[in-house]
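Q: I am new to this structure and would like a close look at a single part of it, the sheet, with some attention to what surrounds it. Please describe it in one connected account.

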Amino acid sequence: MKIRLNGEQVELPEEVNSVDKLLTHYNLENRIAIVEINEDIIQKDDYKAMRLKNGDIIEIVQFVGGG
């Protein structure tokens with residue numbers, strides 16, 4: 001499946017078909033992040049149920065702390 005992730009065209013393996021699997025694929029499952037698909041913010045409770053589709057435009061915003 002091809003998607004646009006944070007402005008880059010990427011090809012995902014077949015098994016990466018939901019938001020939670022996408023975050024795991026990129027080792028982001030334990031980080032605080034906001035996920036937006038096609039300009040809609042996805043609630044964390046919906047990550048497992050939200051299926052990805054070919055051509056989706058996805059933005060992942062991570063929070064970074066420091067000082």
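A: Of the 67 residues of the protein, 28% count as buried. The model under discussion is a predicted one. Its secondary structure consists of one helix and five strands, and along the sequence these follow the pattern β-β-α-β-β-β. The radius of gyration is 12 Å, close to the 11 Å that the globule rule gives for 67 residues, so the protein is as compact as a globular protein of that length. Taken along the principal axes, the C-alpha atoms fill a box of roughly 40 × 25 × 20 Å.

The sheet itself is open and has five strands, in the order β2-β1-β5-β3-β4, with mixed pairing. Its edge strands are β2 and β4, each of which pairs on one side only. From one strand to the next, the twist averages 35 degrees. As a general matter, strands of a sheet pair through backbone hydrogen bonds, either parallel or antiparallel.

The description may begin at the β2 edge. Strand β1 covers residues 2–5 and strand β2 residues 8–11; the two run antiparallel and are joined by four bridges. Within this pair, R4 stands opposite Q9 of β2. The two strands form a hairpin with two residues between them, and N6 in the turn has a positive phi of about 50 degrees.

Strand β3, residues 33–37, has two antiparallel partners. One is strand β5, residues 57–62, with which β3 pairs over five bridges; here the bridge partner of A33 is Q62 in β5. The other is strand β4, residues 40–42, paired with β3 over three bridges. In β4, I42 stands opposite V35, and D40 stands opposite I37. The hairpin of β3 and β4 has two residues between the strands, and N38 takes a positive phi near 50 degrees there.

The side chains of β3 alternate along the strand. A33, V35 and I37 point to one face and are buried, while I34 and E36 point to the other face and are not buried. Two of these buried residues have already appeared in the pairing with β4: V35, opposite I42, and I37, opposite D40.

One loop residue deserves attention beside the strands. D56 lies in the loop between β4 and β5. With a relative accessible area of 3%, D56 is buried, because buried means under 20% relative accessible area. The side chain of D56 makes a polar contact, at 3.0 Å, with the side chain of N38, the residue with the positive phi in the hairpin of β3 and β4. Leaving aside residues up to four places away in sequence, D56 touches K2, I3, R4, I37, N38 and R51. Of these, K2, I3 and R4 fall within β1, which spans residues 2–5, and I37 is one of the buried residues of β3.

Two values for the protein as a whole complete the account. Among contacts between residues at least 6 apart in sequence, 55% join residues at least 24 apart. The protein exposes about 4900 Å², of which carbon and sulfur atoms supply 47%.

Methods: Residues are numbered from 1 along each chain as its sequence is written. This is a predicted model: local features need pLDDT of at least 70, side-chain atom pairs count only at pLDDT 80 or more; totals for chains, interfaces and linings use all residues. Side-chain values use heavy atoms; hydrogens and water are left out. Two strands pair if DSSP finds at least two bridges between them. Buried means under 20% relative accessible area, exposed over 50%, partly exposed in between (1.4 Å probe, protein chains only). Axes are lines fitted to C-alpha atoms, for helices over the stretch in contact, and angles run from 0 to 180 degrees between N-to-C directions. The radius of gyration is taken over C-alpha atoms; the globule rule is 2.2 Å times the number of residues to the power 0.38. Contact means heavy atoms within 4.5 Å. Accessible areas come from the Shrake-Rupley method with a 1.4 Å probe; for residues, only the protein chains shown count as cover. A polar contact is a pair of N or O atoms within 3.5 Å; within protein, one must be able to donate a hydrogen and the other to accept it, and residues adjacent in sequence count only if both atoms are side-chain atoms.
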